[in-house]
Amino acid sequence: MAESGGGREVRVVHVMGTVVSFDVRTPMTPGISRALDAAEERLRHVDAVFSTYRPDSEISRLADGTLTLDACRPEVGEVLGLCARIAEESDGRFTWTPGGRLDPSGMVKGWAAEDASDLLFEAGATDHCVNAGGDVQARGSAGPGLPWRIGLAHPHHRGDLMTVVTGTDIAVATSGTSERGGHIVDPRSGHPATGLVSLTLVGRHLTHVDALATAGFAMGDAARAWVSAMPGIEAFGVTTDGHAWQTPGLPLWTGGGTAGLG
Amino acid sequence: MRRAVLTTSATVAGVGLLLALKPHHGGLAAASGPSGGGSGGAGSGSATVAPHGSSGASGSSKTSGTGANGTYTGDVVDTRYGPVQVQVTMKRGKLTGVKVLQAPSENGRDRRLAEMSIPRLTQAALAAGNARIDTVSGATYTSEGYIGSLQSALDKAHG
């Protein structure tokens, strides 16, 4: 299916309550094919370990106190350590104990997607993209000399975009009023976050960018100053009063003269 | 497209210092030593302002019975975003103006945000412009929500 030059190998995995799409542009090899299997298996494993919806997951048992951290797989400690780091970086706006119960869900999806992306890269798929329910980790390019183009979904018009971000080795995460119905609560106030309809952050590593987007969204209006002071991170925000804002370094694809962009 | 430029971190730092200066109104005359009390420590509370004869001290620095008059240049304060220095103008002990002399300008700090109305690229416009889109970022969709989504269409269009 994937011929060299414009070929794609796409795999769609329903996991973690959402859909993860793998899009490999490097010509397929048996090694890459095995890595795709391994990446899919990895996501299912992460879901089993970290799902807060499964009472038998290690995270649920850890939260219940029927399992100690020492007895958990090492990745549990790794994720909780990452949570602590982002919590510090966001002055407590990121939390892994919403409502007082252990729940690192805000970290797990981006981390798992970047991990899956690393598996593909190490197997030789230097050009690929992993989209985990709207959070994107792209590596290499979309084709010879073609940076990836990542559309930012319009929060009010399903199927439409607001703008298009472009780049190689780029991570894009959007936090917003989720289709899953859950509203992000500002852990400092205990109230649902207000001020923003959606916040997209762009950086290099999805683990970091995804967690920061969750934290930034919880800040509401204060996210502007916060993200603008963050080196290596660009942002695009949509406010509840119908405006949008962006950092000046956001790598936008401007259409190269094609119609309909602007 | 409507565009307005907002200053962010510089303004925020400036406002932070402005707020920190306010309680000092009454006691400003006491901080009269050249660069006196400049602890230089981080944090907004340490922004002491002293009358300064050098650059920027354009006005006369008189202290009368009714309060300070003139232009005062604050010490450079190290904030988490970088060094900040402000100049304040006082009239009869009241703060009448603040000017940011120095604000963080290292890479990625002190960046201006552009504000606009929400841009919209319709599917029709994207199709008409032959715009290649590889993938879509948005608020997390459910497994059901994925069906019929633009991402789903992009995934099907491979080959």
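**Entry 1: strands β7, β8 and β9 of chain A**

I count two strands as paired where DSSP finds at least two bridges between them. The model I examined is predicted. With that rule in hand, I looked up A:Leu196 and found that its bridge partner in β9(A) is A:Thr239. I then turned to the strands themselves: six bridges join β8(A), residues 196-203, to β9(A), residues 234-239, and the two run antiparallel. On β7(A), residues 170-176, I noted six bridges to β8(A), again in an antiparallel arrangement. In this pairing, A:Thr174 stands opposite A:Thr200 of β8(A). Is β8(A) mostly covered or mostly open? I found it mostly covered, with eight of its eight residues buried. I kept in mind that strands of a sheet pair through backbone hydrogen bonds, in parallel or antiparallel fashion.

**Entry 2: helix α1 of chain A**

I next checked the length of helix α1 of chain A, which covers residues 30-50. At 1.5 Å a residue, its 21 residues should span 30 Å, and the C-alpha atoms at its ends are 30 Å apart, so expectation and model agree. I listed the buried residues of α1(A) as A:Ile32, A:Ala35, A:Leu36, A:Ala39, A:Leu43, A:Val46, A:Val49 and A:Phe50. Looking down the axis of α1(A), I saw that these buried residues fall within an arc of 155°, so they line one face of the helix. The other side of α1(A) carries the exposed residues A:Pro30, A:Arg34, A:Asp37 and A:Arg44. What do the buried residues of α1(A) pack against? I recorded two strands of chain A, β1 (9-15) and β2 (18-24), together with the helices α2 (58-64), α3 (74-89) and α4 (105-122) of that chain.

**Entry 3: where chain A touches chain B**

I looked up the contacts between the chains: 62 residues of chain A are in contact with 45 residues of chain B. On the side of chain A that touches chain B, the largest share, six residues, comes from strand β5 (residues 148-153) of chain A. I sorted the residues of this side of chain A into 26 nonpolar, 28 polar and eight charged.

**Entry 4: a sheet with strands from both chains**

I followed β5(A) further and found three bridges joining it to strand β9 of chain B, residues 135-137, with the two strands parallel. In this pairing, the partner of A:Ile150 in β9(B) is B:Thr135, and A:Gly151 is bridged to B:Val136. The order I read for the open sheet of three strands is β6(A)-β5(A)-β9(B), with mixed pairing. Which strands stand at the edges of this sheet? They are β6 (161-167) of chain A and β9 of chain B; each has a single partner strand, so one side of each is left without a neighbour in the sheet. I noted a twist that averages 35° from one strand to the next.

**Entry 5: chain B as a whole**

I closed with chain B, in which I counted four helices and nine strands. From the N terminus on, I read its elements as β-α-β-β-β-β-β-β-β-α-β-α-α. What share of the 159 residues in chain B is buried? I recorded 30%. Among contacts in chain B between residues at least 6 apart in sequence, I found that 48% join residues at least 24 apart.

Note on methods: Residues numbered from 1 in each chain as written. Chains lettered and ligands numbered in written order. Predicted model: local features only at pLDDT ≥ 70, side-chain atom pairs only at ≥ 80, totals over all residues. Expected span 1.5 Å × (residues − 1). Buried ≥ 20, exposed ≤ 12 C-beta atoms within 10 Å, placed from the backbone. Arc of directions from axis to C-beta. Contact = placed C-beta atoms within 7 Å. Nonpolar A, V, L, I, M, F, W, Y, C, P; charged D, E, K, R; others polar. Axes fitted to C-alpha atoms, helices over the stretch in contact; angles between N-to-C directions.
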